[in-house]
Amino acid sequence: MNTATLEQVLAATGYLPDGQPAPGLRLGAEAQSSRHGRVFVPDALWRSASSLTVYFKFEQSAPADDLVSQWRREVWNEGFAPLLWVISPQRIDLYNGFGTPAKEGDAQRHLIRRFENIEGSLHELDELAGRLAIETGQFWAQVPAIDRKTSVDQKLLSDLGCLERDLVAGNLARDAAQALIGRVIFTQYLIDREIVSAARLKRVCGRTALPAILRDRPATSKLFAWLAQTFNGDMFPPSSVKTTPAAHHLTRVAEFLEAVDPESGQLSFFPYQFDVIPVELISSIYEQFAHAEPQTGGKRTEALRNGVHYTRLSVVSLVLDEVMDGLSGRESVLDLTCGSGVFLVEALRRLVHLRSQGQPPTRELIRSTLYGQVYGVDISEAAIRVAAFSLYLAALELDPDPQPPQSLKFQPLIGRTLLVGDARTVERDGDGKAVLATPTGLKQFDLIVGNPPWSFSRPLKKCFSNASGTLSAKTRAAQTRLRSDCNGPSGRFAGPPAHFGRTYPWAHA
């Protein structure tokens, strides 16, 4: 790599001012070790406080469009990078990282701008996409083609929502549809990560690809039974393999994996790489499903009654950056309103990183962190099951050598560290009492995190309007009420000195 050319570009655009990395810039091996992918290896990356990422790739000669398309597809599947810079001595190309991948002509379709004369274009490049332009929002105003609506999280959640609706319309119960989708995503993840090989699939059920297996109901039954036996845990409880869904339901899921349009029957392009998509995104599927049913007949859905709302991954990063700074990695974490586990997944990843002290983590370290340090509570059993699923995926993702499959069996989390119950009373009976109540009092935690649901108290809007005085006084009253409502249930589990990191739902008033 021509380090001088790359550093010249980074310096001129504010990412390497005065020869020193700007906050968030990672170079060389540090940039490469910060991501898991297939063929794309960045030479530098810049990550904002909200986890927004810009990737930089240097090549001695301008790469072919097909290679750029492969890189861009990976970047898109990560979901955090709106920009990919491809730098060569001849030119600099900027690509849209949020544009949905296309089978043909992808690189040209998503090329934002080409700068042919590097020396003469650096100022213009800085004005368009330099660090200051990104941080101030000027970039977004200048490049409306980069739209979050086409990013992987929006696309995947939309596609899975359509898949779920089709399954339900075909007389599959909604919880069964969600369970089937979850099992298929988990299985495709194992295949994409090469944890389960085509040869293994052939031995287990006589087929080598998941769509072909799903089109063969007996083969699907064999596969799900083997997965339940091999991985144990809560993702494949015994009840999940007693009844295999009907053939037409399995066929519809196979069509999703093959990118078959359910109406026209035409093949399109399947853009997803489940080994690249962040586990936190998989977690957010639950929030999408929770909102999928509109209010009907004057009755709210379970999600609306319980105050469920989507937690953006950038918000999780912002909160945990603050509250986990300076920790050792031995701390315990509790989320009393964990939903699908987005805070827990990222907390697990960070605890493992801290405990491993820069070395590749061992499976023993990962599993001991998972089983002994990460706890969650939610009133929804469906949410708790998705949280377990997400934490298992995270543990597999962190494992440096997840082989052979039979050595990866998980312990159950539900009823041990993931509890179904009301945050206010979870310790009074059942599993919550067994786990959280001790002879000397309630179990104490070092870190309390989460995104408390709005239903914990009367709406902020009412609290705000009832307060007297100036606008500032009303705001302080609402903030005080919020802190009281959100800290009350969790404060009793806080050990001295506990760290609190939660969002406050101003936007849901």
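A crossing of two helices counts as right-handed if the near helix is turned clockwise from the far one by less than a right angle. By that rule, H10 crosses H12 in the right-handed sense, and so does H9 where H13 packs against it: that crossing is right-handed too. Keep in mind that what you're looking at is a predicted model. Its average pLDDT is 84, and 83% of the residues score at least 70. The rundown below goes through the sheet, the helix packing, a couple of backbone oddities and the low-confidence stretches.

**The six-stranded sheet**

- The sheet is open, has mixed pairing and puts its six strands in the order S1-S2-S3-S4-S5-S6.
- At the edges stand S1 and S6 (111-115); each has a single partner strand, so one side of each is left without a neighbour in the sheet.
- Ignoring direction, the average turn between neighbouring strands of this sheet is 15°.
- As for what holds such strands together, strands of a sheet pair through backbone hydrogen bonds, in either the parallel or the antiparallel sense.
- Start at the S1 end: S1 (residues 25-27) pairs with S2 (residues 44-47) in the antiparallel sense, with three bridges.
- Arg26 has Leu45 as its bridge partner in S2, and Leu45 also stands opposite Tyr55 in S3.
- S2 and S3 (residues 53-58) run antiparallel as well, joined by four bridges.
- The hairpin of S2 and S3 has five residues between the strands, and one of them to look at is Ser51, with a positive phi near 75°.
- Over at the S6 end, S5 (residues 92-96) and S6 are an antiparallel pair with four bridges.
- Ile92 is matched there with Phe115, its bridge partner in S6.
- Helix H5 (residues 118-129) packs on this sheet and touches S4 (83-87), S5 and S6, its direction making about 145° with that of S6.

**H9 and its two helix partners**

- H9 (residues 174-192) packs against H13 (residues 247-257) at about 45°, with the axes 11 Å apart.
- That angle makes H9 oblique to H13.
- On the H9 side, Leu180, Val184 and Gln188 make the contact, and on the H13 side it's His249, Leu250, Val253 and Leu257.
- Sort the residues of the H9 and H13 contact by class and you get five nonpolar, two polar and no charged.
- H9 also packs with H12, this time at about 70° and with the axes 12 Å apart.
- H9 and H12 are therefore roughly perpendicular to each other.
- Here H9 brings Leu180, Arg183, Phe186, Thr187 and Leu190, while H12 brings Leu223, Phe224, Leu227 and Phe231.
- The class count for H9 with H12 is seven nonpolar, one polar and one charged.
- Leu180 turns up in the H9 contact with H13 and again in the one with H12.

**H10 against H12**

- H10 (residues 198-205) and H12 (residues 217-231) pack at about 110°, with their axes 9 Å apart.
- That puts H10 roughly perpendicular to H12.
- The residues that meet are Arg200, Leu201, Val204 and Cys205 from H10 and Ala219, Lys222, Leu223 and Trp226 from H12.
- Six of the residues in this H10 and H12 contact are nonpolar, two are charged and none is polar.
- Leu223 of H12 is worth clicking on: Leu223 meets H10 and also belongs to the contact with H9.

**Backbone oddities**

- Some background first: most residues other than glycine have a negative phi, and most peptide bonds are trans.
- Glu194 isn't a glycine, yet its phi is positive, near 65°.
- You'll find Glu194 in the loop between H9 and H10.
- The peptide bond from Gln403 to Pro404 is cis, with omega near -15°.
- Pro404 sits in the loop between H20 (381-398) and S9 (418-420).

**Where confidence drops**

- Across residues 294-300 the pLDDT stays under 50, and the model gives this stretch four contacts beyond four places in sequence.
- Residues 304-309 also have pLDDT below 50, and that stretch has 23 contacts in the model beyond near neighbours in sequence.

Technical notes
Residues numbered from 1 in each chain as written. Predicted model: local features only at pLDDT ≥ 70, side-chain atom pairs only at ≥ 80, totals over all residues. Heavy atoms only, no water. Axes fitted to C-alpha atoms, helices over the stretch in contact; angles between N-to-C directions. Parallel < 35°, antiparallel > 145°, perpendicular 65-115°, else oblique. Contact = heavy atoms within 4.5 Å. Nonpolar A, V, L, I, M, F, W, Y, C, P; charged D, E, K, R; others polar. Pairing = 2+ DSSP bridges. pLDDT = per-residue confidence, 0-100.
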